[in-house]
Amino acid sequence: MANNQTNKAVVIDYDAIAHQESFKSLVRKKNSFLWSITVIFLAAYMLLPILTSYTTILHQKAFGEITWVWVYSAGLFIMTWGLCHLYVAKANTFDKEAKAIIEEYENGGGRR
């Protein structure tokens, strides 16, 4: 079956898009979000071995024979899932903004 669509050669000037203020703003927001979420994850993750090795805070009983280290570890799993869901939601908004930037470029907004 033949393709009835005409194939147009679309030339995109990626340098022009990179110089758009809207693109620079998106990159700043995205980098800020990614670095923040990375720092939160690594801090919470690295705190577990530090607290268990050098303190006795997590060695106290929380519920019956379950110590706080188990509660903290379970919290890390919950945090990981939560951060994944947060990342997907933010990535969807970043995708919408990227699409708007491409539309802005296509409408002549980013051409030099």
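In this predicted model, Ile66 sits in strand S2 and, once neighbours within four places in sequence are set aside, touches Gln60, Lys61 and Val71. Ile66 is partly exposed, with a relative accessibility of 42%. Thr67 is found in S2 too, a strand that spans residues 66-67. Here the cover is better: Thr67 has a relative accessibility of 17%, and because the cut-off for buried is under 20%, Thr67 counts as buried. Beyond four places in sequence, the contacts of Thr67 take in Leu58, His59, Gln60, Lys61 and Ala62. Lys61 thus turns up in the contact list of Ile66 and again in that of Thr67. Lys61 also has a charged partner, forming a salt bridge with Glu65 in which the closest N and O atoms are 3.1 Å apart. Both Glu65 and Lys61 are exposed.

Stepping back to the whole chain, the secondary structure adds up to three helices and two strands. Their order along the sequence is α-α-β-β-α, with S2 covering residues 66-67 and helix H3 covering residues 68-106. The chain has 112 residues, and 17% of them are buried. Its accessible surface is about 9000 Å², with carbon and sulfur atoms making up 64% of that. As for how the chain meets itself, take the contacts between residues at least 6 apart in sequence: 62% of these join residues at least 24 apart.

Helix H3 runs to 39 residues. From its first C-alpha to its last, H3 reaches 56 Å, close to the 57 Å expected at 1.5 Å a residue. The buried residues along H3 are Leu76, Met79, Leu83, Ala91, Phe94, Ile101 and Tyr105, and the buried side of the story is simple enough: these residues pack against H1 and H2. Just past the end of H3, Gly108 adopts a positive phi of about 95°.

The packing of H3 leads on to the nonpolar core. In soluble globular proteins, nonpolar side chains tend to be buried together. The largest nonpolar core in this model holds 15 residues, and Leu76 and Met79 have the most contacts inside it. Helices H1 (14-18), H2 and H3 are the elements that give two or more residues to this core. Leu76, one of the buried residues of H3, is in contact with Ala44, Tyr45 and Leu48 when neighbours within four places are left out.

Ile37 gives another view of how H2 and H3 meet. This residue lies in helix H2 and has a relative accessible area of 13%, so Ile37 is buried. Setting aside neighbours within four places in sequence, Ile37 is in contact with Leu83 and Leu86. Leu83 is among the buried residues of H3. Along the chain Ile37 and Leu86 are 49 residues apart, yet their C-alpha atoms are separated by 9.3 Å.

H2 and H3 are also linked through charge. Side chains of opposite charge can pair when their charged atoms come close. The structure holds three salt bridges, and one of them joins Lys29 to Glu97, with the closest N and O atoms 2.7 Å apart. This pair links distant parts of the chain, as Lys29 belongs to H2 (residues 21-54) and Glu97 to H3 (residues 68-106), with their positions 68 residues apart in sequence. Neither end is fully covered: Lys29 is partly exposed at a relative accessible area of 39%, and Glu97 is partly exposed at 27%. A further salt bridge joins Arg28 to Glu21, where the closest N and O atoms are 3.1 Å apart.

Not every nonpolar side chain ends up inside. Leu42, Tyr45, Met46, Leu47, Ile50 and Tyr54 make up a nonpolar patch on the surface, and together they have about 650 Å² of accessible area. Met46 lies in helix H2 and, at 42% relative accessibility, is partly exposed. Tyr45 plays a part in two of the features described here, belonging to the surface patch while also being in contact with Leu76.

How values were computed. Residues numbered from 1 in each chain as written. Predicted model: local features only at pLDDT ≥ 70, side-chain atom pairs only at ≥ 80, totals over all residues. Heavy atoms only, no water. Helix = DSSP H or I, 4+ residues; strand = E, 2+ residues; numbered from the N terminus. Buried < 20%, exposed > 50% of the residue type's maximum accessible area, 1.4 Å probe, protein only. Contact = heavy atoms within 4.5 Å. Areas by Shrake-Rupley, 256 points an atom, 1.4 Å probe, with all protein chains shown as cover. Salt bridge = Lys/Arg side-chain N within 4 Å of Asp/Glu carboxyl O. Core = buried A, V, L, I, M, F, W, Y, C linked by side-chain atoms within 4.5 Å. Patch = residues over 30% accessible without salt bridge, like charges linked within 9 Å, V, L, I, M, F, W, Y side chains within 5 Å. Expected span 1.5 Å × (residues − 1).
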